[in-house]
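Here is a short, friendly tour of one helix and the sheet it packs against. Have the viewer ready and follow along.

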Amino acid sequence: MRKRRLAAELRRLRETVGYTVDGARKALGWSSGRLNHMEAGRSRPDPSALRDLLNTYEVTDPARREAILALGRQSKERGWWDTYSDVLPDSYIGFEAEASTISTFQPIVIPGLLQTADYAAMSARAALARSDAEINRIVAARMERQEILAGEDAPDLHAVVAEEALIRLCSTDQGLARQQISYLIEIAESLNTITVQIHPQSSGMHAATFGAMVILDYSDERDPSLVYIETRAEGLYLEEPAYVTGYRQAFEHVAMDALSQAGSIDLMKNLIR
């Protein structure tokens with residue numbers, strides 16, 4: 001998140017003084033790809049490079065310079081998820097950890113933030129995890145990831161889950177289904193920052209026929225909203241406003257078609273019975 005914020009700030013500073021990327025690169029005497037990588041968030045500039053940029057962009061205010069240098073230092077800090085880089089293929093957890101609102105639609109599985117350890121293990125096996133050790137690592141990462149829901153700055157989580165995901169689970173393992181669905185009921189009833197809605201089969205076709213999605217919103221206005229689409233390898237991130245708006249509209253339509261939280265809890269209790 002901080003690397004993304006720093007990249008956006010560097011682009012803004014360059015545009016404020018009227019430099020093109022090529023003009024700034026020539027003024028700095030840098031190679032053609034160096035500035036592009038920094039502004040795309042693909043590399044973290046060292047302090048001396050940041051100072052060169054600030055001088056070139058005529059940033060003279062001491063407080064402003066120190067704020068940007070501090071952001072550069074923060075962008076190099078590692079999150080807990082870096083220790084799980086062997087089983088976490090991309091940067092999603094870092095983006096999720098700083099979100100103020102998380103909206104997700106899941107037509108096939110229970111959202112990762114709401115999975116029990118046993119369900120997470122079953123999901124990892126279904127996704128062809130290679131060994132018990134790898135499955136254990138995936139489960140440990142997922143459980144640690146869920147700690148954001150109980151923190152002081154817990155995000156608002158709005159999860160819409162297709163009824164098919166619950167029925168598929170019931171057909172696979174009834175004991176696990178009872179455990180996982182009971183947990184969904186418990187967390188929906190106990191945490192007012194979490195909304196769980198079930199999209200019933202009876203609603204028919206819906207606006208998210210393209211599949212699962214996650215929309216991440218942030219309290220800091222410098223951090224634009226993101227849409228995350230999970231893939232087999234690295235996920236797809238969309239931040240163009242038009243794309244975010246389109247996915248948000250689809251999510252809102254699916255949520256409107258879903259049962260209320262109270263109705264969803266009744267449905268899940270009936271499934272358990």
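The buried residues of helix 11 are covered by a set of elements that includes the six strands tabulated here; contact means heavy atoms within 4.5 Å. Helices (H or I, at least four residues) and strands (E, at least two) are DSSP runs, numbered from the N terminus.

| Strand | Residues |
|---|---|
| strand 1 | 101–106 |
| strand 2 | 156–162 |
| strand 3 | 194–199 |
| strand 4 | 213–217 |
| strand 5 | 226–229 |
| strand 6 | 236–238 |

This is a predicted model: local features need pLDDT of at least 70, side-chain atom pairs count only at pLDDT 80 or more, and totals for chains, interfaces and linings use all residues. Residues are numbered from 1 along each chain as its sequence is written, and side-chain values use heavy atoms, with hydrogens and water left out.

On helix 11, V244, Y247, A250, F251, V254 and A255 are buried (under 20% relative accessible area, 1.4 Å probe, protein chains only). Seen down the helix axis, these buried residues fall within an arc of 135° (taken from the directions from the axis to the C-beta atoms), so they line one face. The face turned away from the buried side carries P241, A242 and M256, which are exposed (over 50%).

Now to the sheet. Its six strands form an open, mixed sheet in the order 3-2-1-4-5-6, where pairing requires at least two DSSP bridges between two strands. Strand 3 and strand 6 are the edges, each pairing on one side only. Strand 2 and strand 3 run parallel and are joined by six bridges.
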